[in-house]
Amino acid sequence: MNSLPDNFNPETGLAPYAACDAVSGGRHHAEPAPNYRSEYQRDRDRIIHAAAFRRLEYKTQVFVNHEGDLFRTRLTHSIEVAQIARSIARALRLNEDLTEAIALAHDLGHTPFGHAGQDALNGCMKEYGGFEHNLQSLRVVDELEEKYADFPGLNLTFETREGILKHCSPKNAAELGDVGERFLHQLQPSLEAQLTNLADEIAYNSHDVDDGLRAGLIEVEQLNEVPLFAAQYAEVTQRYPALSQRRVIHEVVRRLINCQVVDLIETSTARLSEAQPANLNEVRKQPQNLIAFSDSMRERNLELKRFLRSHLYRHYRVHRMSVKATRVIRDLFIAFNDDPRLMPDEAQAHVAILRSVTGDTGQARAVADYIAGMTDRYAISEHHRVYNPGELT
Ligand code: MG
């Protein structure tokens with residue numbers, strides 16, 4: 001029988017391999033320890049008070065924000081990820097505050113209009129180093145948020161920043177310094193970062209099923225060809241034969257989340273008790289992630305992802321919105337990069353600073369920062385204001 005270690009810290013209740021203040025890699029700008037809060041609580045609090053966090057409310061996950069009030073936005077998605085990640089962290093005696101900070105910050109760098117927006121901006125930035133939402137999330141917390149007197153950005157701890165940077169090319173890793181190093185030396189991130197990454201997957205796979213059904217883009221009959229969904233659906237309808245379809249779907253979605261979370265906790269517990277890392281440093285040196293799904297759950301999960309890709313993300317109504325979004329992002333980039341004076345004063349000032357350091361590349365990066373920070377509705381109205389002569393500026 002696999003079980004968690006019994007030598008957890010009596011004061012914090014954490015496992016020996018959990019991240020904690022005592023082993024933290026610290027902040028770029030040294031600060032006195034917080035009163036009445038842990039370092040990761042302070043990170044979480046700074047993220048919640050960031051402007052980029054508030055903008056998540058009006059950014060798309062799959063459905064554009066104005067398509068309906070019931071669909072997930074990046075804000076509700078981030079909160080769902082934090083909820084799932086914290087449950088897993090608590091069960092594994094890992095650091096809940098750190099997982100919450102990573103979960104709430106993980107999508108801060110997303111452009112408006114979801115993946116269509118990211119791909120369009122990446123295309124615009126091709127000659128200037130590209131655009132990657134994951135790197136942009138780090139850029140938001142390291143540089144773009146300007147709130148504190150003593151430092152740029154939010155000055156978060158190493159572990160929160162490392163958790164935000166889920167993937168990274170060797171070229172970017174070399175430029176990033178501390179948080180890039182693990183990609184160059186094949187080291188693992190903290191267990192909290194590993195689990196938050198998988199909590200993200202559990203959240204979006206499950207809620208995209210829910211939102212897709214609500215939007216009428218996918219049907220229960222189609223989803224019943226996906227074994228993970230079919231198993232939960234059969235269980236719910238057998239147990240509650242007279243239940244309304246809406247409640248059946250909700251029961252199925254909560255079971256989808258639950259069965260993946262339980263599998264992840266049990267598989268990870270087994271791996272942790274086999275590897276027995278003595279501390280966070282040993283976690284980093286493991287040949288593989290210790291937080292993982294079982295092989296069969298990973299397969300079930302892939303089937304669901306494949307289904308969503310072919311039936312939901314490529315549905316013509318989603319595709320139409322993606323094409324429109326691509327046009328808006330490209331048009332805005334072209335207009336602003338050709339003539340930065342079309343941008344608001346604050347954005348122009350940002351262009352001037354980056355331009356003085358790296359010329360055209362710096363200017364393009366500042367334009368990308370401005371566009372990436374927009375909400376869906378702000379991008380649409382900026383597009384009207386810049387391109388439509390009948391529109392007030
Ligand atoms: Mg996400």
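Q: How many Å separate the centres of domain 1 and domain 2?
A: This is a predicted model, and its domain assignment splits the protein chain into domain 1 (36–318) and domain 2 (319–387). Take the centres over C-alpha atoms, and the separation comes out at 27 Å.

Q: How many residues does domain 2 bring to the contact with domain 1?
A: Contact here is heavy atoms within 4.5 Å. On that basis domain 1 puts in 28 residues, and domain 2 puts in 28 residues.

Q: Which residues of domain 1 lose the most area to domain 2?
A: About 2500 Å² is buried between domain 1 and domain 2, with carbon and sulfur atoms giving 65% of that. On the domain 1 side, three residues together make up 25% of what that side buries. They are Tyr58, Phe113 and Tyr128.

Q: What is the distance between the closest N and O atoms in the salt bridge of Asp369 with Arg139?
A: The rule for a salt bridge allows up to 4 Å between a side-chain nitrogen of Lys or Arg and a carboxyl oxygen of Asp or Glu. Across the interface of domain 1 and domain 2, that rule finds 1 salt bridge. For Asp369 and Arg139, the closest N and O atoms sit at 2.7 Å.

Q: Which helix gives the largest share of the side of domain 1 that touches domain 2?
A: Between the two domains, 16 residue pairs are in polar contact. Elements giving two or more residues to the domain 1 side are helix H5 (114–124), helix H6 (133–144) and helix H16 (316–338). By class, that side has 14 nonpolar, 10 polar and 4 charged residues. With 5 residues, the largest share comes from H5.

Q: Which residue with a positive phi follows H13?
A: Helix H13 covers residues 245–275, so 31 residues in total, and reaches 45 Å from first C-alpha to last. That is close to the 45 Å expected at 1.5 Å a residue. Right after H13 the phi is positive, near 45°, and the residue is Gln276.

Q: Where does Glu39, the partner of Arg27, lie?
A: The structure holds 33 salt bridges, and one of them pairs Arg27 with Glu39, closest N and O atoms 2.7 Å apart. These two are 12 residues apart, with Arg27 in the segment before helix H1 (39–48). Glu39 itself lies in helix H1.

Conventions. Residues numbered from 1 in each chain as written. Predicted model: local features only at pLDDT ≥ 70, side-chain atom pairs only at ≥ 80, totals over all residues. Heavy atoms only, no water. Domains from an automatic or database assignment. Buried area = accessible area lost by both parts, 1.4 Å probe. Polar contact = N/O pair within 3.5 Å; in protein donor to acceptor, adjacent residues only side chain to side chain. Helix = DSSP H or I, 4+ residues; strand = E, 2+ residues; numbered from the N terminus. Nonpolar A, V, L, I, M, F, W, Y, C, P; charged D, E, K, R; others polar. Expected span 1.5 Å × (residues − 1).
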